[in-house]
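Grab a pencil and work through these exercises with the structure open beside you. Try each task before you read its solution.

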Amino acid sequence: DDLDIEWEWDLRDAGGLPVGARVTYSWLLSGAGRTFETQTQTVVFEDPRFDWQTIQSDHTRIQWYAGDQAFARDLLGTADAGIEKLAASTGVMPNELVHVRIYETSEAMRETVLFSPEWAGGIAFPTHNLVAMGINEYNLSWGRDAMVHEMAHVVIVQATFRCGSSLPAWLDEGLAVYNEGDAASMFNSALNDAVENDKAFSVRGLAGAFPSSEDGAVLAYAQSRSLVAHLIDTHGASHMNALLERFTELGTIDRALTEVYGFDSDGLEAEWRASVGLPAREEGNSIEREPL
């Protein structure tokens, strides 16, 4: 007998899917003491509004609809260069193809993402090996940095995925910002001001969600980059690679730090503070992250 069945997935409850996400499903039927599972099928969550073009390298697949081939090749080269730079500083490489969707504007991109921040110009979806961005010929300079940043998030998660745990935000975001290159002037300014006034965050305070305020977020990114730069520049890329590997195996940053560097988060903070000329932490003299 033929069966006509359907199931509705309310993405408002699930948090949405990025364009390009692959959904694998099957039906499990039971009754009269028997169970039958259909063959697995896959559908791709698409955006049919645009005529997508595709360009691909060994590690990156870019789909775009606005701009010429030179525009796409520029971004593909930028993505691959960012991957090579990340490998040099961390030892990690992609283990799956990273898919990138380039929208002409940030607004067009945000229309496809439920609950996306109004300011977002690029978003990484590491669990789907996807990046979505709003880049055009007029913001290409920004787009190159953003591409390197978001690609780093995906590759890092590929290398460190462990069910039930995730990297602390200071390490994940710090690596992504560090991979962009020299620190932006606003980051330098924020960090210098925090050091001058002894108002830096604690390392543990940067483990979770960053502050929602603009000033707090800028400092959080700046300090995270500085922490990562300290670890790589002082102890070397091989230690950073070992840290990521041990985190994947152990599931906690303190145990991973201790095994690789000989200190935990508090020890990292003490070493970093000394490196930027700050005195040892005094009880109560810190800024913690804002509560969720």
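**Exercise 1.** Is Arg49 buried, partly exposed or exposed?

*Solution.* Keep in mind that you're looking at a predicted model. Step one: take the relative accessible area of Arg49, which is 43%. Step two: compare it with the cut-offs, where buried means under 20% and exposed means over 50%. Arg49 therefore counts as partly exposed. Step three: look at its salt-bridge partner, Asp47, whose closest O atom is 2.9 Å from the N atom of Arg49. Asp47 has 5% relative accessibility, so Asp47 is buried.

**Exercise 2.** Work out how Arg110 and Glu107 sit relative to each other in helix α3.

*Solution.* Start with the contact: their side chains form a salt bridge, with 3.6 Å from N to O. Next, count along the helix. Arg110 and Glu107 are three residues apart in α3 (residues 106-110), so about one helical turn separates them. Now recall the general rule: an α-helix has 3.6 residues a turn, so residues three or four places apart point the same way. Finally, check the exposure: Arg110 is buried at 18%, while Glu107 is partly exposed at 46%.

**Exercise 3.** Check whether the length of helix α7 agrees or disagrees with what you'd expect.

*Solution.* Helix α7 covers residues 214-235, which is 22 residues. At 1.5 Å a residue, the expected span is 32 Å. The C-alpha atoms at its ends are 31 Å apart, so the two values agree. While you're there, look at the surroundings: 16 of the 22 residues in α7 are buried. Just after the helix comes Gly236, with a positive phi near 95°.

**Exercise 4.** Find the neighbours of strand β9 and say which way each one runs.

*Solution.* First, β7 (residues 98-103) pairs with β9 in the parallel sense, over five bridges. Then β8 (residues 122-125) runs antiparallel to β9, with four bridges joining them. Leu130 turns up in both pairings: Leu130 is the bridge partner of His99 and also of Phe125. β8 and β9 make a hairpin with four residues in between, and Asn129 in the turn has a positive phi of about 55°.

Last step, the side chains. In a regular strand they alternate between the two faces of the sheet. In β9, Leu130, Ala132 and Gly134 point one way, Val131 and Met133 point the other way, and all are buried.

Terms used. Residues numbered from 1 in each chain as written. Predicted model: local features only at pLDDT ≥ 70, side-chain atom pairs only at ≥ 80, totals over all residues. Heavy atoms only, no water. Buried < 20%, exposed > 50% of the residue type's maximum accessible area, 1.4 Å probe, protein only. Helix = DSSP H or I, 4+ residues; strand = E, 2+ residues; numbered from the N terminus. Pairing = 2+ DSSP bridges. Expected span 1.5 Å × (residues − 1). Salt bridge = Lys/Arg side-chain N within 4 Å of Asp/Glu carboxyl O.
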